[in-house]
Amino acid sequence: MRRFLIFVGIGVVVIILLFVGIDTMNTRYQKSFSPEEAVVFEQDKLDIEVRYNRPYKKGREIFGGLVPFGKVWRTGANEATTFSTNRDIVIDGKELKAGTYSLWTIPDQEMWTIIFNREHGQWGVNAEGEPNRDPQKDVLKVQVHAVQQQREFEQFTIEFSKMKQEAEMVLLWDKTLVAVPFQQK
C-alpha cells in the first residue's frame, strides 16, 4: 500500500510538472514572436521605464486592420504594457502621479487616445480576446496626433526623445508615429 501511494504521489508530481512545463513553453513560444523590451528615460531626477512586447508587422495591415481603429489596444503584445515614473509628470497639462501604470491606446487615423490605468501586471487581453483593462481604474487620458510617414517600422517600437525641459514618448509601427509630450512637474 505504501509503495502504491509513493507511485501515485510521483505520478501527480510528474503530471503537474508536465502542465507547468507546457504552459511555460507556450508562453516562451508566444513571446518569441513579440520579444520583451524595456526602454528607460532619465533626465535630472526623473526616471521613467516602459516595459512592453514588440510584435512584428509581417506584411500585415496594422492600424485599421490587426489593430482596429477606435478600439482599445494593449499597446504591444502579450502582457499589458507598463509605464513607471518615479516622479509626478505633466502630460497635455494633466498631472500623472509617480507610480506604475498599464499603458493603453485607442488608435485612430489622425488622433490617438493615450490611457494610463492604475492596474498593471495583467495579460493584455482576456479569454474573449478583449482588452484586459478596467476603465474604472483609468487615471489619465490624453489625445495626441498620429503622423503618417514614408519610413516603415517593421517592429513595434517605443522610444524617448529629449527636448530641453520637455520630452516625448514616441510610439512607432508600420508608417505611424505617435508622440506623447511630457515634462517633470
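Here is a walk through a predicted model, from its sheet to its pockets and its salt bridges.

Let us begin with the sheet. Nine strands build an open sheet, and reading across it gives the order β1-β2-β3-β6-β7-β8-β9-β4-β5, with antiparallel pairing. The edges belong to β1 (36-43) and β5 (94-96), each of which pairs on one side only. On average, neighbouring strands of this sheet are turned by 35° against each other, direction ignored. If you would like to look at one pairing in detail, try strand β4 (residues 89-91), which joins strand β9 (residues 166-184) over two bridges in the antiparallel sense. There you will find I89 standing opposite Q184 of β9.

The same two strands, β4 and β9, turn up again in a pocket lining, together with β8 (138-163): these are the elements that give two or more residues to the lining of the second largest pocket. This pocket has a volume of about 180 Å³. β9 gives the most to its lining, with five residues. Among the lining residues are V90, I91, Q143, H145, E166 and F182. By class, the lining divides into seven nonpolar, three polar and two charged residues.

The largest pocket has a volume of about 510 Å³. It is lined by 25 residues, and those closest to its centre are L66, W73, R74, G76 and V125. Its lining comprises 14 nonpolar, six polar and five charged residues.

Now for the charged side chains. Side chains of opposite charge can pair when their charged atoms come close. In this model the count comes to eight salt bridges. One of them joins R54 to E37, with the closest N and O atoms 3.9 Å apart. This pair links distant parts of the chain, since R54 sits in the loop between β2 (46-53) and β3 (81-85) while E37 lies in strand β1, 17 residues apart. R54 counts as buried because its relative accessible area, 16%, is under 20%. Its partner E37 is partly exposed, at 34%.

A second bridge to look at is K141 with D138, where the closest N and O atoms are also 3.9 Å apart. Here K141 is partly exposed at 42% relative accessibility, whereas D138 is buried at 17%.

Finally, K97 and E95 meet in a salt bridge of 3.5 Å, N to O. K97 is partly exposed, with a relative accessible area of 47%, and E95 is partly exposed as well, at 32%. Both residues belong to a network of salt bridges that links D88, E95, K97 and K185.

Note on methods:
Residues numbered from 1 in each chain as written. Predicted model: local features only at pLDDT ≥ 70, side-chain atom pairs only at ≥ 80, totals over all residues. Heavy atoms only, no water. Pairing = 2+ DSSP bridges. Helix = DSSP H or I, 4+ residues; strand = E, 2+ residues; numbered from the N terminus. Axes fitted to C-alpha atoms, helices over the stretch in contact; angles between N-to-C directions. 1 Å grid on protein atoms, 1.4 Å probe; cavity = no way out; pocket = protein on both sides within 12 Å on 5 of 7 lines; lining within 4 Å. Points joined across faces, edges and corners; volume = space filled by probe spheres on them. Nonpolar A, V, L, I, M, F, W, Y, C, P; charged D, E, K, R; others polar. Salt bridge = Lys/Arg side-chain N within 4 Å of Asp/Glu carboxyl O. Buried < 20%, exposed > 50% of the residue type's maximum accessible area, 1.4 Å probe, protein only.
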